[in-house]
Structures are given as structure tokens and as C-alpha cells.
Amino acid sequence: MSARVRAFVAVSVPAVKSLLGVLEELRRLGRAVRPVACEEWHVTLKFLGDVPAADVAALAASLRAAVSPVGRAHCTLKGLGVFPTLQRPSVVWAGLSDAGVLNELAARVETACESMGFARDTRPFHPHLTLARIKSRPPEALSALLHRHEQTNFGAWDVTSVVLFESRLERAGAKYLPLATWPLAERPPTS
């Protein structure tokens, strides 16, 4: 491990079958649009940037204490959109509904990280799954794809754990390596 680790805290998202077709459509839009491999799908709770390697264990302990009491839940992937605007998009994302657990996790992660000396994020948390990055002016077909899937329900998955990832920037793109994983609490069965 180097002296610093580029890190972030996230929830992994499995390869939801209905989104794989959208990923293929994005791939066909040409070189301007770079889809994110489904093996790398996640919802970022907090980007930390460069963290001293010597601080990773203490950070992991603080994060474990913060997120472990939170119960598992379902989240639904619904709709497509872009950041920052359709006129100049840089990211294509799938939205999330039923994301209360993600909001709670993000708030707990924010508090735990702040106690470890990380600056509080000034932007509001907007849970999303990044599907592609846009490097130059995208084709007009992107707008039609977004409109067609504006309200599409892509399905749900179970949020069962939180992960501290290392992000290694490589020539082929970023690779995400789990440094620590914390399971969320089991929910008691409802009667």
C-alpha cells in the first residue's frame, strides 16, 4: 500500500439485468460515451479523496460503528438522467427510489468522516448509479435514450453492506478495490 489511498465509501449494486440493455445502448452511442462496467457499479455515499494509509484502519473502525446498526433494505433503480445538464452532460445515471436507507447511510458516513477530520460535503446527497461518463459532445441519440427511460423501473436490489473502496486510476479506467466491508443489521421479520 502506498503512503496515500484514494478512497470512497459506497454501496455495491449488482448487475441488474434490465440495466444491462441500457448499458449496451450507451455503448453503441460511440466514443464520446464511456459506459461503466457493471462489475464496478456502486452508489457513492462519500468520496474521501487521498487518505493517509496509516489512517485507513481508524477510519474503517469509525465507519463500521456508524453503519453497522442500520438495517438492510430494498432500493429500486428508476429512471435515467444526466449531470450536470442535458446540454452539457458529463455523467449518465440511473436514479433510485425507496432510497431512505441510502440517505441514512450517507448521513452516518458523513458524520463519522467529519469526526475523523474530513470536510463535510456541501452538496446535498443525491443517490444515483453512474452508468457512463461522457468525455465530449454526445450524439443526439442520448437525449432520446434518456427520454425513453425517464420513468423506467429497472428493478430492485437488497442493500446489505457498505464498503470502503480504494480507487486506483489506471489507463483503462478506475479500478475499485474493497478495503473493508461492513454488513448491515438484519431486519426482524414483519408480522
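**Arg 168 stands opposite Lys 175, a residue of S9.** This is a predicted model, in which local features need pLDDT of at least 70 and side-chain atom pairs count only at pLDDT 80 or more, while totals for chains, interfaces and linings use all residues. Residues are numbered from 1 along each chain as its sequence is written, and side-chain values use heavy atoms, with hydrogens and water left out. Strands S8 (161–170) and S9 (173–183) run antiparallel and are joined by 10 bridges. Getting from S8 to S9 takes just two residues, in a hairpin. Look also for Leu 164, whose opposite number in S9 is Ala 180. Strands here are DSSP E runs of at least two residues, helices are H or I runs of at least four, and both are numbered from the N terminus; two strands pair if DSSP finds at least two bridges between them.

**Strand S8 also pairs with S1.** S1 covers residues 4–12, and its four bridges to S8 are antiparallel. One spot to pick out is Ala 7, which has Glu 166 of S8 as its bridge partner. How many of the 10 residues of S8 are buried? Seven are, so the rest of the structure largely encloses this strand. Buried means under 20% relative accessible area, exposed means over 50%, and partly exposed is in between (1.4 Å probe, protein chains only).

**Here is the largest pocket, with about 1,200 Å³ of space.** It has 35 lining residues, and those closest to its centre are His 42, Thr 44, His 128, Thr 130 and Arg 133. S1, S2, S3, H3, S6, S8 and S9 each give two or more residues to the lining. Which element has the largest share? That's S3, with five residues. Sorted by class, the lining has 17 nonpolar, 11 charged and seven polar residues. A pocket is an open set of points on a 1 Å grid over the protein atoms alone, where a 1.4 Å probe fits and protein lies on both sides within 12 Å along at least five of seven lines; lining residues have an atom within 4 Å of a point. Its volume is the space filled by probe spheres set on the points, which are joined across faces, edges and corners.

**The second largest pocket holds about 180 Å³ of space.** Its lining includes Leu 86, Gln 87 and Pro 89, along with Arg 137, Pro 138 and Pro 139. Glu 140, Leu 142 and Ser 143 are in the lining too. Five of the lining residues are nonpolar, two are polar and two are charged. Asp, Glu, Lys and Arg count as charged, Ala, Val, Leu, Ile, Met, Phe, Trp, Tyr, Cys and Pro as nonpolar, and the others, Gly among them, as polar.

**Helix H1, residues 17–27, has Leu 19, Val 22, Leu 23 and Leu 26 buried.** Down the helix axis, these buried residues fall within an arc of 105°, so they line one face of H1. The arc is that of the directions from the helix axis to the C-beta atoms. Among the elements covering the buried residues are S2, S4, S5, S6, H4 and S7.

**In helix H4, the buried residues are Leu 142, Leu 145 and Leu 146.** They line one face as well, because seen down the axis of H4 they fall within an arc of 95°. Their cover includes H1, S4, S5 and S6.

**Val 159 sits in strand S7.** Is Val 159 buried or exposed? At 0% relative accessibility, Val 159 counts as buried. Val 11 is 148 residues away along the chain, yet the C-alpha atoms of Val 159 and Val 11 are separated by 7.1 Å. Leaving aside neighbours within four places in sequence, Val 159 is in contact (heavy atoms within 4.5 Å) with Val 11, Arg 72, Ala 73, Cys 75, Val 101, Leu 102, Leu 105 and Leu 184.

**Two backbone spots to zoom in on are the cis bond from Phe 83 to Pro 84 and the positive phi of Asp 98.** Most peptide bonds are trans, and most residues other than glycine have a negative phi. The bond from Phe 83 to Pro 84 has omega near -15°, and Pro 84 belongs to strand S4. Asp 98 has a phi of about 55° although it is not a glycine. Asp 98 lies in the loop between S5 and H3 and, at 53% relative accessibility, counts as exposed.
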